[in-house]
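Welcome! Take a moment to look over the sequence and turn the model around on your screen. Then read on for a short guided briefing.

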Amino acid sequence: MTRGGTDGSGRTGTGPWPHVLLAAAVGAVAAQFTHGGAVAVLLTGLPGLVVLVMVTVVTGGALAVCAVLGTGARKFAWLGTTALLVVPAVLVVDAVLFMRAGPSDSPDGGFSPSPLLWVIGAVLAAVPALLVHVSRTGRAPDVRDD
């Protein structure tokens, strides 16, 4: 399905793959900002918690926009609530990785992010985006009617 095209049901949108890739990018960026919020909590306390709340809100808004653009229907804006899963999951993994690392002599004090956080954020944001397209058409998104 092309942008502005239909999938045979009269629905418009960018299609599944741009939607999934954009959601994955939002998830990866959210993971980076969640790591920054975790460091802010350790360094500042309450202001860091405000950062984490704002990261969750902005991530939810970005995922909702991705859903509306990707599906062409505002009723799928609920996918923004995926941020309530992405941010805490990345935060838990970040905390576990920090605790397992132990004392660090590195210049950054052991606060450097892991690529694993980006992968977790990307996957947790992209999977619901893909599943909503499969549930809309009742078939896998790469099946074509030729």
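In this predicted model, helix 1, helix 2 and helix 4 each supply at least two residues to the lining of the largest cavity. Helix 4 is the one that gives the most to this lining, with 3 residues. A search through the whole structure turns up 1 cavity of 30 Å³ or more, and the largest cavity holds about 40 Å³ of space.

**The cavity lining**

- You can pick out the lining of the largest cavity by finding His19, Ala23, Leu63, Ala67, Leu79, Thr82, Ala125, Pro128 and Ala129.
- What classes of residue are found in the lining of the largest cavity? There are 7 nonpolar and 2 polar residues, and no charged residues.

**The overall layout**

- The protein has 4 helices and 0 strands.
- Following the sequence from start to end, you meet the pattern α-α-α-α.
- Of the 146 residues in the protein, 35% are buried.
- Among the protein's contacts with a separation of 6 or more, 66% are between residues 24 or more positions apart.
- The protein exposes about 8,300 Å², and 71% of that comes from carbon and sulfur atoms.

**The nonpolar cores**

- The largest nonpolar core contains 16 residues, and Leu63 and Val90 are the ones with the most contacts inside it.
- Which helices each supply at least two residues of this core? They are helix 1, helix 2, helix 3 (83-101) and helix 4 (115-137).
- Helix 4 provides the largest share of this core, 6 residues.
- There is also a second, separate core of 5 residues, with Ala67, Phe76, Leu79 and Val132 among them.
- Leu63, one of the residues with the most contacts inside the largest core, also appears in the lining of the largest cavity.
- Ala67 and Leu79 belong to the second core, and both also line the largest cavity.

**Val90 and Thr34**

- Setting aside neighbours within four places in sequence, Val90 is in contact with Ala31, Thr34, Leu117, Ile120 and Gly121.
- Thr34 sits in helix 1, which covers residues 16-44.
- Is Thr34 buried or exposed? Its relative accessible area is 1%, so Thr34 is buried, since buried means under 20%.
- If we again skip residues up to four places away in sequence, Thr34 touches Leu52, Val55, Val87, Val90 and Leu91.

**Val53, across from Thr34 in the sequence**

- Val53 has its place in helix 2, which covers residues 46-71.
- With a relative accessible area of 49%, Val53 is partly exposed; a residue has to be over 50% to count as exposed.
- Val53 and Thr34 are 19 residues apart in sequence, and their C-alpha atoms are 9.5 Å apart in space.

**The second largest pocket and His35**

- The second largest pocket has a volume of about 290 Å³.
- Its lining is made of 19 residues, and those nearest its centre are His35, Ala38, Asp94, Ala95 and Phe98.
- Helix 1 and helix 3 each supply at least two residues of this pocket's lining, and helix 3 gives the most, with 7 residues.
- By class, the lining of the second largest pocket divides into 14 nonpolar, 4 polar and 1 charged.
- His35 lies in helix 1.
- With a relative accessible area of 7%, His35 is buried.
- Leaving out neighbours within four places in sequence, His35 is in contact with Asp94, Phe111, Ser112, Pro113 and Leu117.
- Asp94 is thus worth a second look: Asp94 is in contact with His35, and Asp94 is also among the residues nearest the centre of the second largest pocket.

**A loop residue: Arg74**

- Where is Arg74 found? Arg74 is in the loop between helix 2 and helix 3.
- Arg74 is exposed, because its relative accessible area is 73% and anything over 50% counts as exposed.
- Arg74 and Ala64 are 10 residues apart along the chain, and their C-alpha atoms are separated by 8.7 Å.

Terms used. Residues numbered from 1 in each chain as written. Predicted model: local features only at pLDDT ≥ 70, side-chain atom pairs only at ≥ 80, totals over all residues. Heavy atoms only, no water. Buried < 20%, exposed > 50% of the residue type's maximum accessible area, 1.4 Å probe, protein only. Contact = heavy atoms within 4.5 Å. Core = buried A, V, L, I, M, F, W, Y, C linked by side-chain atoms within 4.5 Å. 1 Å grid on protein atoms, 1.4 Å probe; cavity = no way out; pocket = protein on both sides within 12 Å on 5 of 7 lines; lining within 4 Å. Points joined across faces, edges and corners; volume = space filled by probe spheres on them. Nonpolar A, V, L, I, M, F, W, Y, C, P; charged D, E, K, R; others polar. Areas by Shrake-Rupley, 256 points an atom, 1.4 Å probe, with all protein chains shown as cover.
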